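Biologist: I'm new to this structure and would like a close look at one part, with its surroundings explained as you go. Please start from a single cysteine and work outwards.

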Amino acid sequence: MNLRTILFTIIWLMVMLLAFQSGAWKAKQKQYVSEEEAKQIANYHMHDPLHAGGKVSMAGQFHLELISQKDGTHRLWVSNAFRQEMDPAGFEGKLTIEYPDGKKEGVPFKRLGRSKELVAKSEPLKGQVWLTIDGMLGSSIPFKKVKFFWDYEAEMVDLNIPLGLDSMLPMPIDNPLTVEKIELGRELFFDQLLSADGTVSCATCHRPDHGFAEPLAISKGIEGRTGQRNSLTILNAAYYQSLFWDGRSASLERQAVRPIFNHAEMGFKEEAEFVKRIDSKYGTRIKKAFGKPTALRTIAKAIACYERTLLSGDSDFDRFESGEREAISLSAQRGRSLFFGKARCGSCHIPPLFSDHEFHNLGIGNGSDPGRFAVTNNPKDKGSFRTPSLRNVTLTAPYMHDGSIASLREVIEFYNAGAGGNPLLDSVIHPLDLSDDDIEDLLAFLYSLEGRLADSKNIIPVEATNGKEKE
Ligand code: HEC
Ligand code: HEC
C-alpha cells in the first residue's frame with residue numbers, strides 16, 4: 001500500500017464518520033416501518049375509509065381520514081362517531097410532515113370550496129414520512145397530535161370505478177393499491193405454481209373467458225377432486241361484505257389463501273412448503289412490493305389487490321339509468337319493470353351490485369349443503385345462501401350454489417313456479433304468474449346487465465384525482 005492509498009482511506013473513513021453522525025447516512029437508508037407497526041403507533045382505526053386510499057385515525061370519538069398524495073396534496077375529512085362526515089367550516093389546523101432524518105415541515109389546512117374536504121399543500125414527497133394533525137374544529141373540538149404514516153415509495157393508485165358501480169369501493173387501510181402489488185397479484189392468480197401438483201391456478205375455476213367463473217356445475221381441483229359448490233365470479237367481488245356462498249370469509253385478503261389449502265382445490269398441506277415455493281419465484285418482487293419477505297399475508301394481499309381491479313360495470317342497464325334512453329330495448333325496459341315490480345327480484349338483487357348481501361333459502365338442492373348455517377349455527381339459516389350479484393350473470397352458467405340450473409330461462413321458470421318446496425323458503429318467494437312474454441322480457445333485462453370489463457389496466461395514479469372528488 002502506498003502513502004496515497006493510506007491517506008485516501010483515512011480521509012474516506014473520516015468522511016463516512018461525519019456523514020454517519022450528521023444523520024445523512026441514516027436518512028438515505030430506507031426505513032421500513034411496517035404498516036402493522038405504523039398502525040399501532042398511529043392509533044389507526046379498523047374502520048374502512050370512506051374514500052378509496054384513505055387512512056383513518058381516531059381523535060377521541062372523531063375519525064380523521066387522510067389521503068396523502070405524492071404531489072404534496074393532503075386531503076382530510078372529519079367524521080363523527082357514527083361516521084357521518086362533518087362540515088369543516090371553521091376548522092383551524094395544520095399538518096406536520098416529519099421525515100426519517102428528523103426534518104419537519106408544517107402546512108395549514110384550508111377548506112376546499114364548500115365541500116367537506118380540507119386540503120393542505122406541501123412540497124412533493126417521497127420515501128416514508130410521519131404526518132401529524134393538530135387543530136380545532138369550531139371552539140370545542142380539539143385534535144391533538146393525530147398521527148398517520150405514509151409510504152410514497154409504494155406507488156399508490158386509485159381505481160377508475162366503472163359507470164353504475166358504487167364509487168365507494170371498500171378498501172382495507174393496511175393494503176393500499178400499488179401497481180407492483182396488482183401486477184404481482186395478477187401473475188399469482190394465473191400461476192399453477194399455487195397448487196400442490198402444479199396443475200391448477202385460481203384462473204382454472206375463475207376463467208376470464210367465462211365471466212371469471214367456470215362452466216362446471218361443481219368445481220374440480222387438483223387430481224380431478226370435486227368440491228362442493230359452483231364457482232363464483234371474481235368480478236366485483238370487492239364489493240361484498242362477506243365472501244363465498246355462505247359468507248364465511250370477511251375479506252379478499254382472508255379469502256385468497258383458502259383455496260390453496262383446500263384439499264379439493266389446490267391441495268397444499270403445509271404453509272411453510274407453500275411459502276417456500278412461492279418465495280423461490282417471487283421472493284424479490286414481494287420484498288420490493290411490501291418491504292417484507294414472502295409470507296402468506298403478503299401473497300394474499302397481492303392477490304387481493306389484483307382482484308380489486310376486476311370491476312365490471314358500464315352495462316347497457318347502467319347507460320340507461322344514467323339517461324341514455326336508447327341503451328336498452330323496449331323488451332328489456334318491460335323486464336326492468338317486472339324485475340323491480342311484480343316479480344320482486346329487486347327486493348333481494350338490489351343495485352348497484354344486484355345483491356342485498358343477505359342470505360336466503362330458495363329450496364335449491366337436496367338439503368345436504370348447510371349453507372349459511374355452517375357459519376352462524378342458527379337453524380333458521382339452514383340451506384340459505386348469499387344473494388349473488390346478477391351483473392354478468394349471462395356469462396357464468398350454470399347457476400345457483402350447486403350449479404343445478406343450466407340456463408337463465410330455467411332460473412326464471414324456477415322462480416315463476418314459486419322456487420323449491422322447503423319449510424325454510426324465503427317469505428318473499430311465491431309463484432309469480434309470469435307469461436311467456438314476461439319471461440322473455442326478464443331475460444332481455446338480465447342481458448342488459450352484462451358489463452364492460454375493467455381489468456387491472458383500470459388504474460389511475462392517486463395524484464391524477466388532483467384533489468377533486470371522482471363523480
Ligand atoms: C378448484 C376450483 C377453484 C380454485 C382453484 C379457486 N377457486 Fe375461488 N372459488 C371456487 C368456488 C367453488 C367458490 C365458491 C365456494 C363457496 O362459496 O363455498 C369460489 C369462491 C371464490 C371467491 C368468492 C367470491 C364471492 O363472490 O364471494 C373468491 C374471491 C375466490 N374464489 C378467489 C380465488 C382465488 C384468489 C383463488 C386462487 C388462490 C381461487 N379462488 C382458486 C373455486 C375455486
Ligand atoms: C328472496 C330473495 C331473492 C329473490 C326475491 C330473488 N332472488 Fe335470485 N337469488 C337469490 C339467492 C339467495 C340466490 C342463490 C340461491 C342458491 O344458490 O341457493 C339467487 C340466485 C339467482 C340467480 C343465479 C345466479 C348465479 O350466479 O348462480 C339468478 C339468475 C337469479 N337469482 C335471478 C333472479 C330473478 C330473475 C328474480 C326475480 C324473478 C330473483 N332472482 C329473485 C335471492 C333472491
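Is C205 buried or exposed?

Modeller: C205 is buried, because its relative accessible area is 12% and buried means under 20% (exposed is over 50%, partly exposed lies in between, all with a 1.4 Å probe and protein chains only). Before we go on, bear in mind that this is a predicted model: local features need pLDDT of at least 70, side-chain atom pairs count only at pLDDT 80 or more, and totals for chains, interfaces and linings use all residues. As for bookkeeping, residues are numbered from 1 along each chain as its sequence is written, chains are lettered from A and ligands numbered from 1 in the order in which they are written, and side-chain values use heavy atoms, with hydrogens and water left out.

Now to what C205 sits beside. Ligand 1 has 28 residues around it, and C205 is one of those that come nearest, together with C202, H206, F244 and R386. Being near here takes one heavy atom of the residue within 4 Å of the molecule.

The next residue along, H206, is worth a pause. H206 is the only protein donor of the iron atom of ligand 1, reaching the iron through NE2 at 2.1 Å. A donor is an N, O or S atom within 2.8 Å of the metal (3.2 Å for Na, K and Ca), and since water is not among the atoms, a site may look incomplete. H206 sits in the loop between α5 and α6. Those names come from DSSP runs, numbered from the N terminus: helices are H or I runs of at least four residues, strands are E runs of at least two.

Ligand 1 also makes several polar contacts, meaning pairs of N or O atoms within 3.5 Å (within protein, one must be able to donate a hydrogen and the other to accept it, and residues adjacent in sequence count only if both atoms are side-chain atoms). The side chain of H206 has an N or O atom 2.9 Å from a nitrogen of ligand 1. A polar backbone atom of W245 is 2.7 Å from an oxygen of the ligand, while R386 brings a polar side-chain atom to 2.7 Å from a ligand oxygen. The elements that give two or more residues to this shell are α5 (202–205), α6 (252–255) and α8 (296–308). By class, the shell divides into 14 nonpolar, 8 polar and 6 charged residues. In that scheme Ala, Val, Leu, Ile, Met, Phe, Trp, Tyr, Cys and Pro are nonpolar, Asp, Glu, Lys and Arg are charged, and the others, Gly among them, are polar.

What about ligand 2? It is surrounded by 25 residues, with C345, C348, H349, H401 and Y415 the closest. H349 places a polar side-chain atom 2.8 Å from a nitrogen of ligand 2. On the backbone side, an N or O atom of M400 lies 2.8 Å from a ligand oxygen, and a polar backbone atom of H401 is 2.7 Å from an oxygen of ligand 2. Helix α12 (residues 408–416) gives the most to this shell, with 3 residues. The class count here is 18 nonpolar, 5 polar and 2 charged.

Back to cysteines for a moment. C305 counts as buried because its relative accessibility is 0%. The structure holds 0 disulfides, a disulfide being a pair of cysteine sulfur atoms within 2.5 Å.

Elsewhere, there are strands to look at. Strands β4 (residues 91–98) and β8 (residues 128–137) pair in the antiparallel sense over 8 bridges, where pairing takes at least two DSSP bridges. Along that pair, L95 has I133 as its bridge partner, and E98 has W130. β4 also pairs with β5 (residues 104–108), antiparallel over 5 bridges. β8 pairs on with β9 (residues 141–151), again antiparallel, over 9 bridges. β8 is mostly covered, with 8 of its 10 residues buried.

A further open sheet has 5 strands in the order β1-β2-β3-β7-β6, with antiparallel pairing. Its edges are β1 (55–59) and β6 (110–111); each has a single partner strand, so one side of each is left without a neighbour in the sheet. Within this sheet, 4 bridges join β3 (residues 73–79) to β7 (residues 118–121), and H74 is partnered with A120.
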